[in-house]
Amino acid sequence: MGVFTVLTRCIVQPLSVVDDELVPKVGMTFTTLEDARKFYRNYAKAAGFSTRVRCTNRKGNENKNQLITCSREGKWKSKISPTEKTNPTAGVNCHARIYIHTLKDVGAWIISKVVLDHSHPCCPSKAEMLKQHRELSMSIRRTIENNDEAGIRPSKTYQSFVAGAGGHRELNFIEKDVRNYITREVRNISEQEDAKEFGKYFLRMKEKNLNFFFELELEEDQSIKLAFWADARSRAAFEYFGDVISFDTTYNTNRYNLVCDSFVGVNHHGQSTLLGCSLMKNEEIESFKWLFQCWLRCMGGNAPKGFLTDQCASMKRALEACMPTTVHHWCIWHIMKKIPSKLNGYKGHADIEQEMSHVVWNSHSKDSFDRNWNDFLLNFGLADNKWLSDLYKDRHIWVPIYLDHHFWAGMRSTQRSESMHSFFNKYITRNSSLIQFVKQYDNCLGSREQAERESDAADFHTVIPCSTKSSIEAQFQDAYTHAKFREVQAQFRGKANCITRLKNSALGYSIYEVGEQVSSSIFNKFAVTYDSVAAEVKCQCLLFESRGILCRHALSVLSFEQVSQVSLRYILERWSKKVKRRHTHIKSSHDEPLMEPRSKRFDQLVFRSQNICEFTSESEELTAILHRAYDNAMAEMEALKAKKKGTSSLSYEDANLESVNELQSPPRIRTRGRPKNKLGSKLEKQIANATKKKKTKVLSEVKVMFFKFCYIQINLFDAASAAHSNCSRYQGHVINYQFRVPAAGDNSLGV
């Protein structure tokens with residue numbers, strides 16, 4: 001049994017049939033080391049294995065020789081017992097290899113030893129799945145980079161490649177390669193480089209447009225503590241849409257756990273628009289003060305009229321200090337969402353929640369809210385509830401009836417800010433870098449700009465027909481954007497449920513009671529006043545005051561009064577489609593991809609070739625012409641490339657920035673002692689010659705002893721090779737090569 005085991009171990013696997021031109025042979029020469037590596041890799045792919053560089057010997061900064069082996073060379077032994085963990089290993093002590101070295105005074109590389117036999121089976125059909133033979137072309141890499149920036153998942157990117165190629169087998173890479181490229185090349189940014197790239201991004205944006213604004217506050221160790229920025233378009237948009245701001249914070253946006261804060265306004269289409277962004281290390285009062293003061297400086301010191309935030313005490317105190325004239329509005333959605341968790345312990349909590357919502361939303365005056373709130377607490381025994389008591393104390397910053405006499409552009413909550421954050425969350429994770437975050441912020445700015453441009457175009461080229469014969473509706477149709485006119489139309493349709501009754505009238509001032517049927521048994525009553533002299537109408541529901549849209553109750557009264565045109569005070573310029581706004585002529589900031597020169601040239605060529613291919617694909621004749629042109633151009637370029645493989649020159653006539661950027665420093669030469677003096681004395685030269693002769697004599701003696709030793713080793717090696725070849729079905733080419741004299745202390749492998 002032992003003899004059989006020994007015999008099986010010495011069986012060498014024959015190679016598959018490979019074209020003789022691809023098989024490495026002793027004496028083959030190559031211009032560069034990379035050419036030799038590429039030749040052996042191509043042979044390995046055809047034969048069914050992969051390679052790796054085993055060792056490289058250098059002299060200074062120059063490579064002198066290199067050993068390239070089969071990737072299954074050597075054998076790794078795990079320190080963990082196989083009973084505990086068994087990981088796959090590739091090493092099987094395979095001896096297939098080539099040895100290459102430089103030729104003196106020529107600069108070329110020559111193969112001096114070849115071993116073709118393997119100790120394992122080789123399969124060309126499976127070689128394409130080996131890591132070394134899988135590759136991503138320039139076109140594939142650029143597509144991956146663009147898709148990653150656009151937020152397309154790697155799996156979707158890979159599936160698009162599969163569909164374009166016509167199946168998995170047509171691709172020479174796998175999905176893991178796509179993911180690895182994104183992780184290692186696209187997103188591989190260290191923490192130190194990340195902060196630097198973050199700062200460079202701001203500088204690039206500032207160079208593009210001087211109105212780009214940013215400020216950073218750093219810790220003592222120069223790490224980022226606070227950051228705020230706003231592009232030129234956002235600053236210009238604040239002039240028109242900075243009256244009401246929604247401000248919210250969110251987490252899970254970057255690997256540093258920095259809090260993302262966004263300032264969001266509402267444009268003339270009722271769409272959200274970004275008016276600034278920030279990153280904060282904490283949510284302390286001083287941090288919010290720094291941020292709000294920074295934002296005010298960015299916007300020329302103009303504080304908004306209204307500011308919506310969540311129920312944060314630090315924000316509240318910072319706003320009171322920085323914007324004392326601004327009306328603060330807590331997000332009512334966040335408060336109402338807390339009712340189940342805060343009142344879940346009470347009996348009948350579902351009824352409590354329903355009644356509280358009714359009190360908050362259906363109290364049409366401050367006095368009625370106070371009465372309804374007290375009745376609500378008494379009915380459910382909640383007078384001692386601290387959470388409800390605190391809410392009542394702060395009722396002026398969250399209850400609608402206390403806030404609706406201010407303009408809020410239709411906002412009652414910070415959900416507009418949260419929708420922006422949901423955009424980021426689609427593409428940003430906790431492991432994302434800062435530079436990735438600002439790129440996605442650019443994408444968000446671009447998407448908001450595009451949405452506004454599309455709506456502007458629709459308003460200019462189309463018209464929404466009126467739903468009634470009212471001349472007032474036609475007045476709004478002519479002035480308002482489509483989105484806001486639809487809101488007006490909804491109020492005109494609501495008139496059908498309203499019954500108008502005159503209660504009092506004197507000297508052109510009338511008081512009406514408008515009953516609105518909400519359901520089959522519920523009628524809500526609203527007091528509406530109309531001043532015919534001042535052409536002013538005012539409703540108790542305060543819809544116009546809070547949203548800038550005339551309510552159905554006021555429209556009912558105007559219809560009752562037979563008013564054909566409303567005063568211009570009720571047609572807000574803010575919702576007008578006819579106003580020329582300065583920010584629409586400013587492009588949102590977007591950082592250009594920082595590509596290497598080769599990538600830029602590749603993109604330019606692809607862009608131009610697309611038009612050529614589209615034109616050529618119309619017929620077979622045109623396609624044949626293009627193929628011939630490609631062949632001729634390829635031959636000319638290969639000839640030029642071969643001609644320029646040696647030295648090259650750069651003159652003032654053809655020099656440009658790109659060619660200068662590609663310049664490299666000469667190899668660094670390490671010297672010992674002082675530099676040689678060309679003007680040395682005759683005595684110094686005689687001493688140098690004598691020392692040289694002495695070293696040459698000693699070196700010759702060492703060489704003689706060394707080659708005697710090598711001769712013995714070669715004989716032993718040949719005897720072992722002869723015994724090895726007897727048990728092989730394929731005779732491998734084992735070639736002796738020139739030995740080098742090892743330097744003192746050189747422990748590197750000599751093959």
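This short talk walks through one predicted protein model, from the whole chain down to a single helix.

Hi everyone! Two housekeeping points. Residues are numbered from 1 along each chain as its sequence is written, and side-chain values use heavy atoms, with hydrogens and water left out. Because the model is predicted, local features need pLDDT of at least 70 and side-chain atom pairs count only at pLDDT 80 or more, while totals for chains, interfaces and linings use all residues.

Let's start with the whole protein. It has 26 helices and 16 strands; these are DSSP runs, numbered from the N terminus, with helices (H or I) of at least four residues and strands (E) of at least two. Of its 751 residues, 38% count as buried, and buried means under 20% relative accessible area with a 1.4 Å probe, protein chains only.

Now, my favourite part: helix H14. How many residues does H14 have? It has 15, running from 366 to 380, and it reaches 21 Å from first C-alpha to last, close to the expected 21 Å. That expectation is 1.5 Å times one less than the number of residues.

Which residues of H14 are buried? They are Ser368, Phe369, Asp370, Trp373, Phe376 and Leu377. Their cover includes helices H13 (349-361), H15 (386-393) and H16 (400-403). Right after H14 comes glycine 381, with a positive phi near 65°.

Lastly, an unreviewed UniProt entry annotates residues 526-562 as "domain: SWIM-type"; such annotations may be inferred rather than shown by experiment. Over that stretch the chain is 38% helix and 27% strand, and its end C-alpha atoms are 20 Å apart.

Conventions: Buried < 20%, exposed > 50% of the residue type's maximum accessible area, 1.4 Å probe, protein only. Contact = heavy atoms within 4.5 Å.
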